[in-house]
Amino acid sequence: MAGKRQGPEELFDIDSLLSDEEREMRAVVRKWVDKRVKPEVAEWFERGEIPARELGLELGELGVLGMHLDGYGCAGTSAVAYGLACTELEAGDSGIRSLVSVQGSLAMKAIHAFGSEEQKNQWLPRMASGEVIGCFGLTEPDFGSNPGGMRTSAKRDGSDWILNGTKMWITNGNVAGVAVVWAQTDEGIKGFIVPAGTPGFSANLIHRKLSLRASVTSELVLDNVRLPADAALPGVSSLRGPLTCLSEARFGIIFGAMGAARDCLESAIDYGVERVQFDRPIAGYQLTQKKYAEMALEFGKGMLLALHLGRLKDQGTLRPEQVSTGKMNNTRQALEIARECRSIMGANGVTLEYPVIRHMNNLESVYTYEGTYEMHTLVVGEALTGLGAFR
Ligand code: TGC
Ligand code: FAD
């Protein structure tokens, strides 16, 4: 006879590590994801289309866009609260978490950290409400892991800037009202605010993805784009600019990946308890229970790591190599968990009737974007040895 069950979060009593406010915020986002994302996301994924602008407005109302930033219409929550929101959003789909990460941690963060007062007042309140969607153009066709080599250039023409180049794999590109684009200048790498509709600027949708299908991914083309002097972000002229924003987004992924893992694990346990082979539920076999137990351990350890890093971030001491440690571990473990859950679900595991293969395919991108697994390995390797191995 089946006894009482507990979820993987309960096993680790994750709730006891959270404040009332953090638990409440998590509940609000979870409820929205259950109602708005879970019933529809398989369809969005299958069609490769997502109502991104509509969702942007709803996410703005929910208060998660740039939620960890202060002022300018942003909620100013703790880093842990932001991380927990990412966990819930990614339990729905990595594409929804990506929409929020790119908006809040990349595009808004760039303006918030390096923009002028005028730029912040002009863009941040409308981005926090979801009225304006942002994208972040760093990667190029020939420069992914090594963004410092980028070819996109910005040259002075009187007081104006002229931008030329191509950015690739840009989340939100086709739905963005504003792009933050990074370019080489005589003064170093600078960020530029490019409103959609600026002559010479265009976005082309990338088709045929088998991962992150519920997310808009685009190529950005800049063909003699003329921008006024005040389009440049005045606060930074080096790769430190975009890398500072990447640290924020990577932090969200540390929490987010565990959301996808949790959703896979819960689905595979529900499935295994119901699915009967050889006259018994497959969840009752020792081999299956070993899989569940090992996955629950990795999920719990990943959540504890995320929370520890979140507390360090809230006290202002989190270092880039610690972010890399979390991104390495949690994306790797989430992907492993998704694959193992898929095996438990047999043939049913390969369909969109269940969330597992969708999460699994998404996590392939999550493993690669925001710095590949190998790049983060080298960051950690350098921290441990003092020897850089990138070049
Ligand atoms: P390096 O010489 O190490 O550093 C250049 C400058 O940046 C500073 N810095 C950082 N600052 C803040 N946070 C960090 N994590 C930082 N890492 C380095 C550094 O102090 C220096 O500052 P300064 O003032 O002296 O100039 O740069 P490098 O060229 O050797 O590169 C190092 C490396 C390989 C780690 C870096 O290039 C890298 O992280 N590559 C991976 C690229 C990447 O992650 N791209 C992601 C694109 S955006 C995306 O994928 C969005 S996906 C959608 C979603 O998020 O949902
Ligand atoms: P490459 O850099 O060509 O790497 C290929 C392989 O070589 C990897 O395994 C890598 O780890 C390995 N490698 C590279 N250099 C080394 C080395 N020195 N030592 C050992 N191994 C190495 N970018 C943006 O700017 N904005 C976005 O919004 C954005 N959204 C994305 C959305 C999706 C769905 C995807 C898939 C990508 C997105 N990206 C975005 C791009 C992403 O950041 C890059 O794909 C990533 O940084 C890796 O670059 P690459 O694909 O060019 O791979």
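In the predicted model, an oxygen atom of ligand 2 lies 3.1 Å from a polar backbone atom of Leu138. Side chains contribute to the surroundings of this ligand as well: a polar side-chain atom of Thr171 is found 2.8 Å from a nitrogen atom of ligand 2, and a polar side-chain atom of Glu374 is placed 2.8 Å from an oxygen atom of ligand 2. Of the 980 Å² of accessible area that ligand 2 has on its own, 67% is covered by the protein. Ligand 2 is located in the largest pocket, and the elements that give two or more residues to the shell around this ligand are strand 3 (160–171), helix 11 (356–368) and helix 12 (373–385).

The shell around ligand 2 comprises 17 residues, of which Thr139, Ser145, Trp169, Thr171 and Thr372 are the closest. When the residues of this shell are divided by character, eight are nonpolar, seven are polar and two are charged. With respect to domain assignment, at least three residues of the shell around ligand 2 are drawn from each of domain 2 (134–231) and domain 3 (240–385).

For ligand 1, the surrounding shell consists of 24 residues, with Ser98, Ser145, Arg250, Glu370 and Gly371 as the closest. Ser145 is thus listed among the closest residues of ligand 1 and also among those of ligand 2. The space taken by ligand 1 is the largest pocket, which is also where ligand 2 sits.

Polar atoms of both side chains and backbone are found beside ligand 1. An N or O atom in the side chain of Ser98 is 2.5 Å from an oxygen atom of ligand 1, while an N or O atom in the side chain of Ser238 is 3.1 Å from an oxygen atom of this ligand. In the case of Gly371, a backbone N or O atom is positioned 2.8 Å from an oxygen atom of ligand 1. The protein covers 71% of the 1200 Å² of accessible area that ligand 1 has on its own.

As regards secondary structure, at least two residues of the shell around ligand 1 are supplied by each of helix 6 (94–114) and helix 8 (240–274). Helix 8 makes the greatest contribution to this shell, giving six residues. By residue character, the shell around ligand 1 divides into nine nonpolar, 10 polar and five charged residues, whereas the corresponding division for ligand 2 is eight nonpolar, seven polar and two charged.

Notes: Residues are numbered from 1 along each chain as its sequence is written. Chains are lettered from A and ligands numbered from 1 in the order in which they are written. This is a predicted model: local features need pLDDT of at least 70, side-chain atom pairs count only at pLDDT 80 or more; totals for chains, interfaces and linings use all residues. Side-chain values use heavy atoms; hydrogens and water are left out. A residue is near a molecule or strand if one of its heavy atoms lies within 4 Å of it. A polar contact is a pair of N or O atoms within 3.5 Å; within protein, one must be able to donate a hydrogen and the other to accept it, and residues adjacent in sequence count only if both atoms are side-chain atoms. Accessible areas come from the Shrake-Rupley method with a 1.4 Å probe; for residues, only the protein chains shown count as cover. On a 1 Å grid over the protein atoms alone, a cavity is a set of points where a 1.4 Å probe fits but cannot get out, and a pocket is an open set with protein on both sides within 12 Å along at least five of seven lines; lining residues have an atom within 4 Å of a point. A molecule sits in a cavity or pocket if more than half of its atoms lie within 2 Å of its grid points. Helices (H or I, at least four residues) and strands (E, at least two) are DSSP runs, numbered from the N terminus. Ala, Val, Leu, Ile, Met, Phe, Trp, Tyr, Cys and Pro count as nonpolar, Asp, Glu, Lys and Arg as charged, and the others, Gly among them, as polar. Domain bounds come from an automatic or database domain assignment.
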